[in-house]
Amino acid sequence: MRSPICVPAKPYIDAIKAVTDKPIKYVIYSHHHYDHIAGGQPFKDLGATFIAHRRTKERLLELKKQKSLLADVVMPDQVVDDKKSITLGGTTLELNHVGRNHSDNSLVMRLPKEKLVSVVDFAPIEQVQFRNIPDNASPLEYIASLKKLASLGWERMIPGHPYAGGRFGTKKDVENDIAYMEDLSAEVKKAADAGKCFDTAMKEVKLPKYEKWANYETALPANVERFRYWWARGY
């Protein structure tokens with residue numbers, strides 16, 4: 001039996017009520033992974049409209065069809081393709097899909113006036129990528145999505161996890177992510193071109209420039225493995 005993933009909705013609701021008496025109108029799914037969307041029913045009970053990328057809803061419906069959808073996941077009411085804007089009380093929130101990365105349905109939430117973005121999971125701050133960079137068709141597409149993120153107009157980034165001591169992210173952080181991915185890709189391609197097998201590449205490819213980043217020792221070999229699949233097998 002799978003353990004439920006607890007997302008404490010009540011503390012969020014209480015925090016919102018502490019700063020405004022206005023109703024909670026929308027809940028935006030960053031992507032379909034349970035650790036970021038489970039437990040939203042209390043928001044639904046308050047009348048919130050749930051919005052997600054179209055592919056998020058497709059994935060959740062497929063999981064439901066397979067009887068493997070967590071019971072406390074609320075199905076989206078509205079879907080986004082490439083871009084959507086929501087305006088409330090003079091504030092505009094822009095939802096952008098910048099391509100495949102940590103998922104194929106990630107949405108970047110941008111406040112244009114405030115020059116602020118919320119980016120979940122795919123642009124870590126001073127940390128190597130998650131495990132073997134799962135759930136993407138191509139690691140090169142992942143890099144392209146980071147470049148699209150960097151091209152948007154913003155100055156501060158709210159991450160989905162408390163990287164680097166919980167600070168805001170910057171454009172420089174995203175540029176560093178791009179540099180890491182491109183450096184990793186180049187080094188793994190050299191290993192692939194030299195005919196090195198997966199295990200050898202995972203042991204030998206090192207990127208000393210990033211050795212102080214979080215999870216470098218534990219996750220770098222898995223990051224190498226993902227790019228090794230790409231450069232050796234085309235997927």
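**Exercise 1. The second largest pocket**

Determine how the lining of the second largest pocket divides by class.

*Solution.*
Step 1. The classes are nonpolar (Ala, Val, Leu, Ile, Met, Phe, Trp, Tyr, Cys and Pro), charged (Asp, Glu, Lys and Arg) and polar (the others, Gly among them). On this basis the lining of the second largest pocket has seven polar, five nonpolar and three charged residues.

Step 2. The structure is a predicted model, in which local features need pLDDT of at least 70 and side-chain atom pairs pLDDT 80 or more, while totals for chains, interfaces and linings use all residues. Residues are numbered from 1 along each chain as its sequence is written, and side-chain values use heavy atoms, with hydrogens and water left out.

Step 3. A pocket is an open set of points on a 1 Å grid over the protein atoms alone, with protein on both sides within 12 Å along at least five of seven lines; a cavity is a set where a 1.4 Å probe fits but cannot get out, and lining residues have an atom within 4 Å of a point. A volume is the space filled by probe spheres set on the points, which are joined across faces, edges and corners. The second largest pocket has a volume of about 250 Å³. It is lined by 15 residues, and His102, Gln127, Phe130, His161 and Tyr163 are the closest to its centre.

**Exercise 2. The largest pocket**

State which element gives the most to the lining of the largest pocket, and describe that lining by class.

*Solution.*
Step 1. The volume of the largest pocket is about 1,600 Å³. Its lining comprises 39 residues, and those nearest the centre are Ile16, Tyr26, Val27, Ile28 and Met109.

Step 2. Elements are DSSP runs numbered from the N terminus: helices (H or I) of at least four residues and strands (E) of at least two. Those that supply at least two lining residues each include the helices α1 (9-19) and α2 (34-37) and the strands β1 (26-28), β4 (83-88) and β8 (156-159). The element that gives the most is α1, with four residues.

Step 3. By class, 26 lining residues are nonpolar, ten are polar and three are charged.

**Exercise 3. The cavity**

Establish how many cavities of 30 Å³ or more the structure holds, and which residues line the largest.

*Solution.*
Step 1. The search of the whole structure returns one such cavity. The space in the largest cavity is about 30 Å³.

Step 2. Its lining consists of His102, Gln129, Phe130, Ile133, Pro134 and Tyr142. Four of these are nonpolar, two are polar and none is charged.

**Exercise 4. Helix α8 and its ends**

Compare the span of α8 with its expected value, and list the buried residues of this helix.

*Solution.*
Step 1. The expected span is 1.5 Å times one less than the number of residues. Helix α8 covers residues 216-233, 18 residues in total, and reaches 25 Å from first to last C-alpha, close to the expected 26 Å.

Step 2. Accessibility (1.4 Å probe, protein chains only) is graded as buried under 20% relative accessible area, exposed over 50% and partly exposed in between. The buried residues of α8 are Tyr216, Ala219, Leu220, Ala222, Asn223, Val224, Arg226, Phe227 and Arg228. They pack, by contact (heavy atoms within 4.5 Å), against α5 (139-151), α6 (171-193) and α7 (198-204).

Step 3. Asn215, in the loop between α7 and α8, has a positive phi near 65° although it is a residue other than glycine. Asn215 is partly exposed, at 39% relative accessible area. Just after α8, Gly234 has a positive phi of about 80°.

**Exercise 5. Aromatic pairs**

Find how many aromatic pairs the structure has, and explain why the pair of Tyr29 and Phe50 ties together separate parts of the sequence.

*Solution.*
Step 1. Rings of Phe, Tyr and Trp (its six-membered ring) pair if their centres lie within 6.5 Å, as stacked (planes under 30 degrees apart), edge-to-face (over 60) or tilted (the rest). The search finds six aromatic pairs.

Step 2. Tyr29 and Phe50 pair edge-to-face, at 5.6 Å centre to centre with 75° between the planes. Tyr29 is in the loop between β1 and α2 and Phe50 is in strand β2 (residues 49-53), so the pair joins parts 21 residues apart in sequence. Both Tyr29 and Phe50 are buried.

Step 3. The ring centres of Tyr210 and Trp213 are 4.9 Å apart and their planes stand at 65°, so this pair is edge-to-face. Tyr210 and Trp213 are both buried. Ring pairs link Tyr180, Tyr210 and Trp213 into a cluster.
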